[in-house]
Amino acid sequence: MNRRQILLGMGGALAAVALGTGAWRQATGTTSAYDDYSARLRAPLSPDIADVIRYATLAANGHNTQPWRFAASADAITITPDLSRRTAVVDPDDHHLFVSLGCAATNLAIAAAASGRPGEVIIDGATVRYTFTGGRRDDVDPLLAAIVRRQSTRGDYDGRQAAPGDLTALQVASAVAGVDLAIITAPTTIAAIRDLVIAGNSAQMRDAAFMQELKSWIRFNPRSAMASGDGLLAAASGNPSLPTALGGFAFDRLFDVSAENDRYARQIASSAGIAVFAAEQADPQHWIRVGQACQRFALEATRLGLKLAFINQPVEVAVLRPELARLIGTTRRPDLVLRFGYGPSLPFSPRRRIEDVLSS
Ligand SMILES: Cc1cc2nc3c(=O)[nH]c(=O)nc-3n(C[C@H](O)[C@H](O)[C@H](O)COP(=O)(O)O)c2cc1C
């Protein structure tokens with residue numbers, strides 16, 4: 001536990017005594033209700049098209065805003081951006097938003113094929129179209145089972161290295177035209193990237209607009225996560241559940257730059273490696289491709305028993321991008337950074353109801 005968690009934990013314990021257990025449950029929800037909710041979200045795939053869309057929505061996405069809309073017809077499913085769910089401060093050019101659409105496209109294609117709808121993904125500007133090509137496919141993608149198990153795991157890992165064969169499998173699984181993936185395991189390069197993460201985190205935590213936007217997407221307890229179906233559940237980052245008002249107070253008063261930087265340094269040191277994705281061009285079409293590659297990486301990692309977490313500060317804070325590019329030996333704009341390794345699971349993040357992501 002880091003200092004922040006201890007402080008939050010103490011605050012929670014004091015508040016629980018003050019409120020009484022019943023009122024505490026009322027304010028935060030129960031773990032078992034949230035477990036049931038998560039299990040329903042991750043129920044096995046049926047041939048129903050709504051279920052295919054449910055699988056698509058389990059994809060990684062920035063701040064868990066789920067910035068997408070789906071429309072199904074007789075011959076295709078389309079994904080379009082929901083610009084009302086932009087995160088203008090951390091993502092001013094909608095880079096993360098389009099990456100998120102690409103992540104959903106990967107899940108959609110795997111789930112649609114497994115549901116008996118083989119097809120192909122066509123990226124048309126800012127729209128992704130999965131067109132059914134007809135015919136039958138009897139082989140189920142081995143990544144299908146990982147869709148419901150994948151998560152962003154923002155905890156400490158156990159320091160174990162990944163086998164070279166697994167690193168190759170990750171590289172192969174995430175091959176998408178126009179997207180490069182650098183997998184870094186050299187300690188000196190990892191340390192240099194760690195320093196960029198810390199520099200980026202320091203800059204972001206000193207930016208009031210960034211912190212305000214982040215806070216607006218934090219769900220401090222399972223009850224509020226289930227109510228909104230979106231956002232960053234505190235427990236999914238290893239933090240205790242607090243009533244929303246107390247969580248907001250703790251976020252404003254106790255979130256501490258040096259404690260957070262220490263946590264990032266420790267968590268990166270506990271990881272087996274870092275992956276950096278970089279597309280050949282910086283436009284929505286290529287960012288969608290980055291998302292496709294990243295989600296395939298995440299699913300393959302999950303299949304191999306690896307956990308992963310994004311550490312995107314060096315791509316979100318634009319002045320840090322050139323140094324990150326230099327470290328991985330590219331002239332491209334780096335798109336995404338994540339760490340991977342072995343460690344325990346954390347609670348899953350929420351998702352919105354399917355009817356709320358369907359285009360009307
Ligand atoms: C484009 C993109 C950027 C992200 N950036 C970060 C990040 O900087 N830090 C972080 O902890 N998670 C980041 N995430 C992970 C999301 O917060 C996460 O996918 C979302 O909360 C849903 O949770 P899940 O991945 O566990 O399903 C990012 C995800 C995407 C797709």
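Author: A polar contact is a pair of N or O atoms within 3.5 Å; within protein, one atom must be able to donate a hydrogen and the other to accept it, and residues adjacent in sequence count only if both atoms are side-chain atoms. The model is predicted, with pLDDT of at least 70 required for local features and 80 or more for side-chain atom pairs, whereas totals for chains, interfaces and linings use all residues. Residues are numbered from 1 along each chain as its sequence is written, and side-chain values use heavy atoms, without hydrogens and water.

Reader: What makes glutamate 316 a polar contact of the ligand?

Author: A polar side-chain atom of glutamate 316 lies 3.4 Å from a ligand oxygen. That distance is within the cut-off, and the pair therefore counts as a polar contact. Serine 349 has a polar side-chain atom 3.1 Å from an oxygen atom of the ligand, and for an N or O atom in the side chain of arginine 150 the distance to a ligand oxygen is 2.8 Å. The protein buries 93% of the 620 Å² that the ligand exposes when taken alone; such areas come from the Shrake-Rupley method with a 1.4 Å probe, and for residues only the protein chains shown count as cover.

Reader: How many residues surround the ligand, and which are the closest?

Author: There are 19 (a residue is near a molecule if one of its heavy atoms lies within 4 Å of it), and the closest are Arg150, Ser152, Arg154, Asn312 and Arg351. By class, five are nonpolar, ten polar and four charged; Ala, Val, Leu, Ile, Met, Phe, Trp, Tyr, Cys and Pro count as nonpolar, Asp, Glu, Lys and Arg as charged, and the others, Gly among them, as polar.

Reader: Which domains contribute to this shell?

Author: Domain 1 (3–33 + 151–341) and domain 2 (39–150) each supply at least three residues; the bounds come from an automatic or database domain assignment. The domain centres, taken over C-alpha atoms, are 21 Å apart. In domain 1, 35 residues are in contact (heavy atoms within 4.5 Å) with 36 residues of domain 2.

Reader: Why is glutamine 151 called buried?

Author: Buried means under 20% relative accessible area, exposed over 50%, and partly exposed in between (1.4 Å probe, protein chains only). Glutamine 151 has 7% and is therefore buried. A polar atom of its side chain lies 2.6 Å from the backbone oxygen of leucine 346. Beyond four places in sequence, the contacts of glutamine 151 are Lys307, Leu308, Ser345, Leu346, Pro347 and Phe348.

Reader: Where do arginine 219 and arginine 266 stand on that scale?

Author: At 12%, arginine 219 falls under the cut-off and is therefore buried. The side chain of arginine 219 reaches the backbone oxygen of serine 216 at 2.9 Å. Arginine 266, in helix 12 (residues 257–269), has 37%, between the two cut-offs, and is therefore partly exposed. Helices (H or I, at least four residues) and strands (E, at least two) are DSSP runs, numbered from the N terminus.

Reader: What is the phi of histidine 63, and what is that of asparagine 64?

Author: Histidine 63 has a positive phi of about 55° although it is not a glycine. Asparagine 64, also a residue other than glycine, has a positive phi near 50°. Histidine 63 occupies the loop between helix 4 (49–57) and strand 1 (68–72), and asparagine 64 lies in the loop between helix 4 and strand 1. Histidine 63 has 15% relative accessibility and therefore counts as buried; asparagine 64, at 4%, counts as buried.
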